[in-house]
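Let's take a friendly walk through this structure, beginning with one residue and then stepping back to look at a whole chain.

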Amino acid sequence: MNTILSKEQLSAEVFRMEIEAPEIAQARKPGQFIILQMGGDFDERIPLTIADASVERGSITLIFQAVGESTHRLALLEVGDSIANLLGPLGTPTDIRHYGKVVCIGGGIGVAPLYPIVEGMKKAGNDVTVIIGARTKDLLILEEDMRAIADRLIVVTDDGSYGRKALVTEPLKELCESEKIDCVVAIGPPVMMKFVARTTAEYNIHTIVSLNSIMIDGTGMCGGCRVIVDGKTKFACVHGPEFDGHLVDWDNLLLRLSTYHDTEDEAHHRCHIGLHIKEGEA
Amino acid sequence: MHETREALDAQAQEILKENEGRELKAKDRIQIPVQSMPSQDPVVRITNMHEVALGYTEAQVRAEALRCLQCKNKPCISGCPVGIDIPAFIAKTAEGKFAEAAAIIKESSLLPSICGRVCPQESQCQLPCTVGKSLKDVDCSVSIGRIERFVADWARENNQEVIPTVAPETGKRVAVVGSGPAGISAAADLRRAGHQVVMFEALHKAGGVLVYGIPEFRLPKTIVEHELKTLSDMGVEIRRNFLVGKTRTLKELMEKDGFDAVFVGSGAGLPRFLNIEGENYVGVFSANEYLTRSNLMKAYDRDHSRTPIYNSHRVAVFGGGNVAMDAARTAKRLGAEEVTIVYRRTEAEMPARKEEVGHAKEEGINFLLLHAPLAIVADEKGRVNGVKLITCELGEPDASGRRRPVEIPGSEKIYDFDTVIVAIGNDSNPLIHATTEGLEVNKWGNFIVNEETLETSIKGVYAGGDIVLGAATVILAMGQGRKAAKAMNEYLATL
């Protein structure tokens, strides 16, 4: 069960793994995620969005960034190893339908979960423009995969090391100015999604965002993932993870994401020492 | 003053010696003092996660069993949700025939080690006890739960448990959704009838609330593992990491995967919040989250667990039930200097087991009674630094029969806290309902079932435990699991 079928390093800290999981592959839809736990009493449960799946191969694909102790340890697994616990698919799928002109925006690792949504939006007959961005060239992922399915692809980097030197909101604003956009989907760091939502609000464009709040069980049981949407408390794991970006209380999300920052920083540093990995190299 | 297990045992030995060979009359029995439960010293136990109550010694359990009058009308049995023949197992205990006592309990209850620890005996079997009635104090009733626990532990530790026999295979397949007390008992009875049983659990460990909710210091996880192993030994397949409603829908299980019937015991898994200002600040947790981090994810073991838990100094716990006590006592063990239970009624109305309230007090938990939370306040980083509370007084009784707390205008005050744990109950998890067409639920999302059979609005689908009852107890869930299994066995026989 949950055997790793293939593994590939996409950038400095980003890995792609194809994992045998026939039931999840069959049930999953774009926008959904899984939770994995690497076994034993002490490992944490990590939510990761499903980047792709194949019913024929009975597999799902995860793309993750080694940012914490557990994702670093996940990155050390090899083909043939298996992941002890894998639960999914979780969350409500993306509301995919024929909107007309759709702009899909991915920032950093957020480009991975965006991929099946772009695919779905294309299948639903939309004209899809994709904007992908990263801090720097080395952190950019899935450029070729996106180019193959999108009607148009715009690549930006913060430092200008590749593509256009810009934040994703700059080309987005230009698109909003020049044509009629019917729907925007944004997945990436919360700050990026916040500013995408702010940009599209001016043009009154329906905007879907995917929130990555802190989770344990992923089934609605713990309430750790609660976010404020339209003034009401929602659980990202069951009501989301996707919400109307114009109604999300971004400041509260950012505050809540910082809950364990002190312990996490310490753990990240410790795992680089413990696993003999250099900083910045997963 | 804390009494050691040795001292309590010596007292019990004396009682046994005095009464040896005597024909005991009711008057003599009533005069035997209640045997106290030996426990870890509070000063020590707040620094560890080990079980607080250590269990009776053999002398203690026999002395306590001597207190039972073996009365003819047996009011205790009607107080037990699963109708254990209490006087019979107590009589065997008094004789020292513990294996026989255990076998009597097992006829009615599948999980006596667990129920002996977590049942609210003072409001069930021990409430109508004749001894307690004659002494006009429910605390002086025969300690049925403590005797049950001893007997069940003894049988387990001495390999004297009756392993349930399984009838010849019927070829019928049953899915059990959820591996908590309702699911465990339903699965056991369905398997005993010879059906193939697959139990589905969403988390990476089976046991439901027994594993994620109830702390180690109240229910050691090795006991839960033992009960689950018994199920596996009987041939029940336990599939973890499988969320019915997401991985497969209930209908897919029946229509595609060939299950002839389904029992849903998915629990009350959606934490309730107060909907007051500031409830989403950093440092506010549902009791479910706080306890799951500590119990399931072992965050209390900071050196090994990879799941963090909040560093707290002054903790407010909202609520007065067992979960509130568990959360408060966990926070204390994790190092919080001050932990306060905030409850809007008085101690008399608290739904928690008396023993848990007592243990919490011994451990230095503060009780701020007749206070209701109005708002949570935070610093500029959104981290909790206080709670605004209002003083209440008790008014007229409400629908639950408990006197309603009435807020006293103008009595609001901000109290200094850095962490808030909300333990005011759970609503039912909507996942299965949302993905199953034709399944009827009430306005709280609880499944509507036939009271006799526990069958839902869908033929062949039964439900029990918190998903039907709302947040209730382990023993009630267990009772419902058995009741549903009985009806399911009858239904499956007709297929």
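This is a predicted model, and a good place to start is Thr200(A). Leaving aside residues up to four places away in sequence, Thr200(A) touches Leu172(A), Val184(A), Ile205(A), Thr207(A) and His246(A). Thr200(A) itself sits in helix H6 of chain A, which covers residues 190-203.

Is Thr200(A) buried or exposed? Its relative accessible area is 0%, and because buried means under 20%, Thr200(A) counts as buried. Its side chain also has a polar partner: one of its polar atoms lies 3.2 Å from the backbone oxygen of Ala197(A).

Now let's step back and turn to chain B. Here you will find 20 helices and 16 strands. If you draw a box around the C-alpha atoms along the principal axes, they fill roughly 70 × 65 × 50 Å. How does the radius of gyration fit with a compact globule? For 495 residues, such a globule would have a value near 23 Å, and chain B has 23 Å, so the two agree.

The inside and the surface of chain B can be described too. Of its 495 residues, 59% count as buried. Take the contacts between residues at least 6 apart in sequence: 69% of them join residues at least 24 apart. On the outside, chain B exposes about 20100 Å², with carbon and sulfur atoms supplying 50% of that area.

Finally, consider charge. Chain B carries 60 positive and 66 negative charges, and the mean positions of these two sets are 2 Å apart.

Note on methods. Residues numbered from 1 in each chain as written. Chains lettered and ligands numbered in written order. Predicted model: local features only at pLDDT ≥ 70, side-chain atom pairs only at ≥ 80, totals over all residues. Heavy atoms only, no water. Helix = DSSP H or I, 4+ residues; strand = E, 2+ residues; numbered from the N terminus. Rg over C-alpha atoms; globule rule 2.2 N^0.38 Å. Buried < 20%, exposed > 50% of the residue type's maximum accessible area, 1.4 Å probe, protein only. Contact = heavy atoms within 4.5 Å. Areas by Shrake-Rupley, 256 points an atom, 1.4 Å probe, with all protein chains shown as cover. Lys, Arg positive; Asp, Glu negative; His and termini not counted. Charge placed at Lys NZ, Arg CZ, Asp CG, Glu CD. Polar contact = N/O pair within 3.5 Å; in protein donor to acceptor, adjacent residues only side chain to side chain.
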